[in-house]
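Here is a friendly walk through a structure, told as a talk between a student and a tutor. Keep the picture in view as you read along.

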Amino acid sequence: MTHPHLFPTSIAGSLPKPAWLSETNKLWPQWRSEGDELLDAKRDATLLWIKTQEDAGVDILTDGEQSRQHFVHGFLEYVDGIDFEHKVKMGIRNNRYDAMVPVVTGPLKLKGRVHQREAQIMRAHTKRKVKITMPGPMTIIDTLSDNFYGDKVKLAMAFADLLNQEARALQADGVDVIQFDEPAFNVYMDDVKTWGVDALNRCIEGLTCTTAVHICYGYGIKANLDWKETLGGEWRQYEAIFPALAASRIDQVSLECMNAKVPMHLMSLLKGKTVMVGVIDVASDVIETPEQVAATIGRALEFVPRDKLIACTNCGMAPMDRNIASAKLNALAAGARLARSLYAA
Ligand code: ZN
């Protein structure tokens with residue numbers, strides 16, 4: 001007998017944009033249309049991925065981030081006090097790569113709702129649980145330049161307040177899970193302990209829905225693959241930050257596992273948390289087999305209680321080929337089904 005409630009499946013967040021929506025295989029793609037036509041195209045792409053995730057058998061769906069050009073700047077576009085007209089070149093993630101980033105020039109304030117449209121589309125078209133992802137404060141401030149606040153913690157807390165404002169509204173829209181993406185946590189481990197977790201707690205203040213944080217080693221782009229080569233035989237960044245996260249109010253932690261050099265026993269540092277185990281590698285076009293996915297779940301069960309394990313992707317799939325991403329969704333769900341039959345009590 002299988003237990004469908006065990007090892008529910010979800011994805012880190014993003015999915016590839018169809019060629020009719022934007023350029024493909026890019027992190028900062030150009031849209032194919034504008035105005036109302038673009039709004040329609042974003043909605044259609046969101047519906048397409050809702051259906052594709054449902055068909056694959058994914059349990060907790062996302063909008064695939066089809067409405068944002070980039071996972072950080074997609075939020076910043078809705079914030080007053082940021083100059084997008086005069087971007088500056090900046091080394092981000094501790095100078096791992098250069099990006100053209102906007103500049104904070106005044107007090108930050110939300111222009112209005114950020115992800116209401118996506119939340120409503122999802123809620124209207126699926127009965128499954130839905131998740132909205134937003135960039136976390138530390139990752140945001142590492143992806144822009146500041147000419148106004150003059151203090152990174154103050155700036156991060158200002159963003160945490162805006163994220164909290166949008167998160168409360170998303171909860172009211174019927175969103176089941178709100179996730180903050182903090183790849184910067186794996187880069188600035190000391191900051192995580194001194195203020196990063198505080199900022200995260202501020203993002204989720206007053207929420208009663210499920211809350212999550214995603215911490216990864218980045219998309220499968222060359223700069224990240226090169227960086228991983230410098231991290232040695234064992235990646236132990238999680239060791240420095242998981243105890244602080246275990247003490248936080250966040251419900252779920254999403255981490256990399258498949259093909260990562262992360263020692264799996266570090267998951268046991270997340271006592272009390274639900275762990276979204278990355279069982280799908282987004283840096284490789286090779287499709288995992290259900291047996292591989294189930295085996296990764298099985299190994300993770302040595303460190304994570306069975307009722308606290310969600311099978312997930314390592315990171316977002318935005319820059320991938322669309323058909324490969326679809327095949328990986330199928331592998332994810334098939335692998336979790338197999339794991340249920342193998343590891344059911
Ligand atoms: Zn990621």
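## A small sheet and its surroundings

Student: Which residue in strand 3 is the bridge partner of Val79?

Tutor: This is a predicted model, so that is how to read everything below. Strand 2 (residues 79-92) and strand 3 (residues 97-110) pair in the antiparallel sense over nine bridges. Within strand 3, the bridge partner of Val79 is Leu110.

Student: Which residue takes a positive phi in the hairpin of strand 2 and strand 3?

Tutor: Look where Ile92 stands opposite Tyr97 of strand 3. The hairpin has four residues between its strands. The one with a positive phi, near 50°, is Arg93.

Student: Which residue in strand 5 stands opposite Val104?

Tutor: Strand 3 is joined to strand 5 (residues 145-146) by two bridges, and the two run parallel. Opposite Val104 in strand 5 stands Asp146.

Student: Which strands stand at the edges of the sheet with the order 2-3-5?

Tutor: That open sheet is made of three strands, and its pairing is mixed. An edge strand has a single partner strand, so one side of it is left without a neighbour in the sheet. The two edge strands here are strand 2 and strand 5.

Student: At about what angle to strand 3 does helix 5 run?

Tutor: Helix 5 covers residues 152-173. This helix lies across strand 2, strand 3 and strand 5. Its angle to strand 3 is about 75°.

Student: How far apart are the end C-alpha atoms of helix 5, and why does that agree with its 22 residues?

Tutor: At 1.5 Å a residue, those 22 residues should span 32 Å. The value in the model agrees with this expectation, because the end C-alpha atoms are 31 Å apart.

Student: Which residue follows helix 5, and which residues in the helix are buried?

Tutor: The buried residues of helix 5 include Leu155, Phe159, Leu162, Leu163, Glu166 and Leu170. In general, an α-helix has 3.6 residues a turn, so residues three or four places apart point the same way. After helix 5 comes a residue whose phi is positive, near 100°: Gly174.

Student: What is the order of the strands in the sheet of seven strands?

Tutor: This open sheet has parallel pairing. Its edge strands are strand 1 (60-62) and strand 10 (309-313), each pairing on one side only. From one strand to the next, the twist averages 30°. Helix 5 packs on this sheet, touching strand 4 (129-135) and strand 6 (177-181), and the strand order is 1-4-6-7-8-9-10.

Student: Which residue in strand 9 is the bridge partner of Leu255?

Tutor: Strand 8 (residues 252-255) and strand 9 (residues 274-280) are paired in the parallel sense, over four bridges. For Leu255, the bridge partner in strand 9 is Val277.

Student: Is Thr274 buried, exposed or partly exposed?

Tutor: Thr274 is found in strand 9. Setting aside neighbours within four places in sequence, Thr274 is in contact with Asp251, Gln252, Lys308 and Ile310. Its C-alpha atom and that of Ile310 are separated by 7.3 Å, although the two residues are 36 residues apart along the chain. Because it has 19 C-beta neighbours inside 10 Å, Thr274 counts as partly exposed.

Student: How many residues does the largest nonpolar core have?

Tutor: Among those with the most contacts inside this core are Val277 and Val279. The largest share of the core, nine residues, comes from helix 5. Contacts of Val279 beyond four places in sequence include Ile297, Ala311 and Leu332. The core has 104 residues.

Student: Is Ala12 buried or exposed?

Tutor: Ala12 lies in the segment before helix 1 (35-56). Residues it touches, not counting those up to four places away in sequence, include His214, Ser254 and Cys312. Since 30 other C-beta atoms lie within 10 Å, Ala12 is buried.

Student: What is the handedness of the crossing of helix 1 and helix 10?

Tutor: The axes of helix 1 and helix 10 (residues 322-343) come within 8 Å and cross at roughly 35°. At the meeting place, Thr52, Gln53 and Ala56 in helix 1 meet Ser326, Leu329, Asn330 and Ala333 in helix 10. The crossing is right-handed.

Definitions and conventions:
Residues are numbered from 1 along each chain as its sequence is written. This is a predicted model: local features need pLDDT of at least 70, side-chain atom pairs count only at pLDDT 80 or more; totals for chains, interfaces and linings use all residues. A residue is buried if 20 or more other C-beta atoms lie within 10 Å of its own, exposed if 12 or fewer, and partly exposed in between; C-beta atoms are placed from the backbone. Two residues are in contact if their C-beta atoms, placed from the backbone, lie within 7 Å. A nonpolar core is a set of buried Ala, Val, Leu, Ile, Met, Phe, Trp, Tyr and Cys residues joined through C-beta atoms within 7 Å. Two strands pair if DSSP finds at least two bridges between them. Axes are lines fitted to C-alpha atoms, for helices over the stretch in contact, and angles run from 0 to 180 degrees between N-to-C directions. The expected span of a helix is 1.5 Å times one less than its number of residues. A crossing is left-handed if the near helix is turned anticlockwise from the far one by less than a right angle, and right-handed if clockwise.
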